[in-house]
Amino acid sequence: MRSSTIARPPAPKAPKPVRVQAEHGKPVAVAGVRVEEVREDWIVEDRWWTEQPIHRHYWELITVAGRNVVVFHDKLIDRWFSQTA
């Protein structure tokens, strides 16, 4: 009998600041590359009971260059970041 293990997915890498051009809160360009499509967006609010709460609006985007990009707007500090797996 063979034993099998399930590999864990890699943890997300630390977010990196990124330049995002937004119109009405929606990203239209990331690092100077135009956004072709918004695939999905979601909001994460967590740790509200701590001194370091999280309030982020995430966007999964496809650029005109064909790249799949995930960015988020940190609502608490009003800055944009990219995050990759």
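Me: Hi! Which residue in the turn between β6 and β7 has a positive phi?
Reply: Hello! That would be D78, with a positive phi of about 55°. The turn belongs to a hairpin of β6 and β7 that has four residues between the strands. Keep in mind that this is a predicted model.

Me: Thanks. How many bridges join β6 to β7?
Reply: Four, and the two strands run antiparallel. As one example of who faces whom, D74 stands opposite R79 in β7.

Me: And on the other side, how do β5 and β6 pair?
Reply: Antiparallel again, over seven bridges. Y58 has F72 in β6 as its bridge partner. This pair is a hairpin too, with four residues between the strands, and there G66 takes a positive phi near 90°.

Me: A65 caught my eye in that area. Where is A65 found?
Reply: In the loop between β5, residues 54-63, and β6.

Me: Buried or exposed, that A65?
Reply: A65 counts as exposed because its relative accessible area is 62%, and the cut-off for exposed is over 50%.

Me: How far is A65 from V33 in space?
Reply: The C-alpha to C-alpha distance is 7.5 Å, although A65 and V33 are 32 residues apart in sequence.

Me: Let me zoom out. What does the chain have in the way of helices and strands?
Reply: Zero helices and seven strands. Reading along the sequence gives β-β-β-β-β-β-β.

Me: In what order do the strands sit in the sheet?
Reply: The order is β1-β7-β6-β5-β4-β3-β2, in an open sheet with antiparallel pairing.

Me: Why do β1 and β2 each have one side without a neighbour?
Reply: β1 (16-17) and β2 (20-23) stand at the edges of the sheet with a single partner strand each, so one side of each is left without a neighbour there. For β2, there is an antiparallel pairing with β3, residues 26-30, over four bridges. In that pair, Q21 stands opposite A29 in β3.

Me: Switching to packing: what share of the chain is buried?
Reply: Of the 85 residues, 28% count as buried. β6 is mostly covered, with five of its seven residues buried.

Me: Which residues make up the largest nonpolar core?
Reply: There are nine: V18, V20, V30, V35, W59, L61, V69, V71 and W80. β5 and β6 each supply at least two residues of this core.

Me: L61 is on that list. What is L61 in contact with, leaving aside its neighbours within four places in sequence?
Reply: P27, V30, V35, E37, V38, R67, N68, V69 and V71. Of the contacts in the chain between residues at least 6 apart in sequence, 36% join residues at least 24 apart.

Me: Last topic, pockets. What volume does the largest pocket have?
Reply: About 180 Å³. It is lined by 13 residues, and the closest to its centre are V30, R67, N68, V69 and S82.

Me: Which strand gives the largest share of that lining?
Reply: Strand β6, residues 68-74, which contributes three residues.

Me: And how does the lining divide by residue type?
Reply: Seven nonpolar, five polar and one charged.

How values were computed. Residues numbered from 1 in each chain as written. Predicted model: local features only at pLDDT ≥ 70, side-chain atom pairs only at ≥ 80, totals over all residues. Heavy atoms only, no water. 1 Å grid on protein atoms, 1.4 Å probe; cavity = no way out; pocket = protein on both sides within 12 Å on 5 of 7 lines; lining within 4 Å. Points joined across faces, edges and corners; volume = space filled by probe spheres on them. Nonpolar A, V, L, I, M, F, W, Y, C, P; charged D, E, K, R; others polar. Buried < 20%, exposed > 50% of the residue type's maximum accessible area, 1.4 Å probe, protein only. Pairing = 2+ DSSP bridges. Core = buried A, V, L, I, M, F, W, Y, C linked by side-chain atoms within 4.5 Å. Contact = heavy atoms within 4.5 Å.
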